Amino acid sequence: MNYFPDEVLEHVFDFISSHKDRNSVSLVCKSWYKIERFSRQRVFIGNCYSISPDRLIARFPGLKSLTLKGKPHFADFNLVPHDWGGFLDPWIRALAKSRIGLEELRLKRMVVSDESLELLSKSFLNFKSLVLVSCEGFTTDGIAAIAANCRFLRELDLQENEVDDHRGHWLSCFPESCTSLVSLNFACLKGEINLGALERLVVRSPNLKSLRLNRAVPLDTLQKILMRAPQVVDLGTGSYVHDPSSEVYNKLKSAFQRCKSIRSLSGFLEVAPRCMSAIYPICTNLTFLNLSYAPGLHGNELTKLIQHCRKLQRLWILDCIGDKGLGVVASTCKELQELRVFPSDPYGAGNAAVTEEGLVLISAGCTKLNSLLYFCQQMTNAALITVAKNCPNFIRFRLCILDPIKPDAVTNQPLDEGFGAIVQSCKGLKRLSLSGLLTDQVFLYIGMYAEQLEMLSIAFAGDSDKGMLYVLNGCKKLRKLEIRDCPFGNAALLEDVGKYETMRSLWMSSCEVTLGGCKTLAEKMPSLSVEIINDTDQMEFSLDDRQKVEKMYLYRTLVGHREDAPEFVWIL
Amino acid sequence: MEGSVAYENDLNLKATELRLGLPGTDEREEQSVSNVRNKKRPLQDADEEFGANGKSDAQNETAPPAKAQIVGWPPIRSYRKNNFQPKKSESDGPGIYVKVSMDGAPYLRKIDLKVYTGYAELLQALENMFKFTIGEYSEREGYKGSDYAPTYEDKDGDWMLVGDVPWDMFVTSCKRLRIMKGSEARGLGGGV
């Protein structure tokens, strides 16, 4: 089938960058497979147990950038015991032994040890970029190794990791010769850092575009940094507290005025509301604003700030903004595409919470909205139907009513019709999370209309197996399905076992599936790994097939059962 | 609900079932968030009637039904949950007030250590209060670059340099603060 020499094909493939497209290219014929695999530089592995390091290395010798995801999504919410798995170590060891010139590593929900980080830092001469999201298992000693040994480091991005902070000295490990930093994010580190070392690092990093500080960095250091790095595009402040009448604050105001490139702003982990006026000059050009860690900012100061941000495309905020505050967002931020509203008080009565009113206001004012994460006090079908009409472009729609089985706040009906309207109107919907009182009907709608749906999260919903079956039969593009506390059992699980080979994974916890059902599934589908996860303090596995399974996680894999499963995980 | 029959005969799920509403109300509306989700399904309540108020055991464990905590709910990343700091005005308990003296100042001040979340804030507050500048801290050399060094008296009666121990340990062991000046300060920083 080859009309062109290999080099021409390779050149053409260079323009194909999306993982999906490259995967398709490799399936056309043997010769395209061969050319594609030698020219592939970026690989994305959505489940680290679906393939082994050795096979990865064998197929893609030119690998430069690797993305790996470990634990299932519900691990974020403490539903997966800590030692379940997702270890980086075997990957690093295998890559280090090979001739792969790794330059970029992006990890999500993996267990990363200091030893792995040290090995990483010493094994790849051209290593440039490390991004860790929601990972754990390492300390600032591991970070120090990266700083010290990666001579051409461009990016060190730590997002929401649980890091054991040994305080301070990792920053000083960047050698004087390190001048290549473009992006540094250490906002999630809890300990003190050497402020002088930070300032010197900024001064010798002329390419620094993204800098996110942690709580230990005070406002006067921020001011000094901004004076030396006015080219910064993405800024995360540390502690933002000072006396607004002070000299330092005045200097900060002029520093901000010189920072004409800032488009993204976050942080404010500690905030003095009266100091926010220094920021107004950069608000006009902001496209991303993240105030979701700033409970100290609310009321008038918050709305005044928002009113300056007319070009905002992404906003992450706490629900203390209230419905009225969301109204201000709706009338100011006409370019808004993504909105995330987090609860400021996850367990409480939510006096400051938002309701369906805020969401309706947003949908009316921000018609470009395509991505939503909304934690709210209550919701109604009428509101959801209005939102669906106003915003047909949703790609991601995640609604979380804090009280998990709350019905329509006005009619007391289930919220089936509201969510049904969303899936019917938003033809491009790829990700959906449901909450509130829901019957099998909502799943009928989802199966019928959500043709592009790739990820679905369900909790405390449905009446019977039919609910789950509607989804499995209807959503042809479904890749990830996660279910907790729903009355779905073996009949739904086993109706179409081949379906799971077309998906990345299925999670079911506190449902009706039994051990026997899971065993049957595992027998029929050897290409799946079916894991039963017990709680760590319950070491005996009951062998009774009628026993309901507390947590089941299954995923397709090319390499059989993993060998690093802890005692409390039983792979059928 | 189809599942209710299974609930009755099977491993007692109803003790860990979520239910809303008052006891004795209709099953459909009755789903109440009344339990903390136990790790094990309790077998000892296997005889309990489904229709009867299944909350009797639950109530021993939890507060008013609607606000009990379910594992993993609301679905917020644990990092975010762990990092929620209540607003300062709502801090519970009395403050930790310590005296602060500065060499050469005519009178002492008092500050509440609970108000600060770390050394950076504390030192800044001290700088503002006494109108001076503290030098740069390093583990090896203490505070370089100014005539002042912040010190504190700990539980054992020893005078320690501020910043050496983790913040939380400092807050619980600090009895009073003293900002040393001049040669005494430099001696403390330059030595061992």
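Here is a short walk through two annotated spans and one strand of this predicted model.

Let's begin with the annotations. In chain A, an unreviewed UniProt entry lists residues 4–45 as "domain: F-box". That stretch of chain A is 62% helix and 10% strand, and the C-alpha atoms at its ends lie 31 Å apart. In chain B, UniProt, again from an unreviewed entry, lists residues 95–182 as "domain: PB1". Here the span is 22% helix and 35% strand, with its end C-alpha atoms 31 Å apart.

Now find strand S23 of chain A, at residues 528–533. Buried here means under 20% relative accessible area. By that cut-off, 6 of the 6 residues of S23(A) are buried, so the strand is largely enclosed by the rest of the structure. It helps to look at where the residues point: A:Leu528, A:Val530 and A:Ile532 face one way from S23(A), while A:Ser529, A:Glu531 and A:Ile533 face the other way. Both sets are buried, A:Glu531 and A:Ser529 included.

Next, look at the strands that pair with S23(A). Strand S24 of chain A, residues 551–556, runs antiparallel to S23(A) and is joined to it by 5 bridges. To find your place in this pairing, start from A:Leu528, which stands opposite A:Arg556 of S24(A). S23(A) also pairs with strand S25 of chain A, residues 569–571, in the antiparallel sense over 3 bridges. A useful landmark for that pairing is A:Ile533, whose bridge partner in S25(A) is A:Val569.

Note on methods
Residues are numbered from 1 along each chain as its sequence is written. Chains are lettered from A and ligands numbered from 1 in the order in which they are written. This is a predicted model: local features need pLDDT of at least 70, side-chain atom pairs count only at pLDDT 80 or more; totals for chains, interfaces and linings use all residues. Side-chain values use heavy atoms; hydrogens and water are left out. Buried means under 20% relative accessible area, exposed over 50%, partly exposed in between (1.4 Å probe, protein chains only). Helices (H or I, at least four residues) and strands (E, at least two) are DSSP runs, numbered from the N terminus. Two strands pair if DSSP finds at least two bridges between them. UniProt positions are given in the numbering used here, feature names are shortened, and annotations may be inferred rather than shown by experiment.
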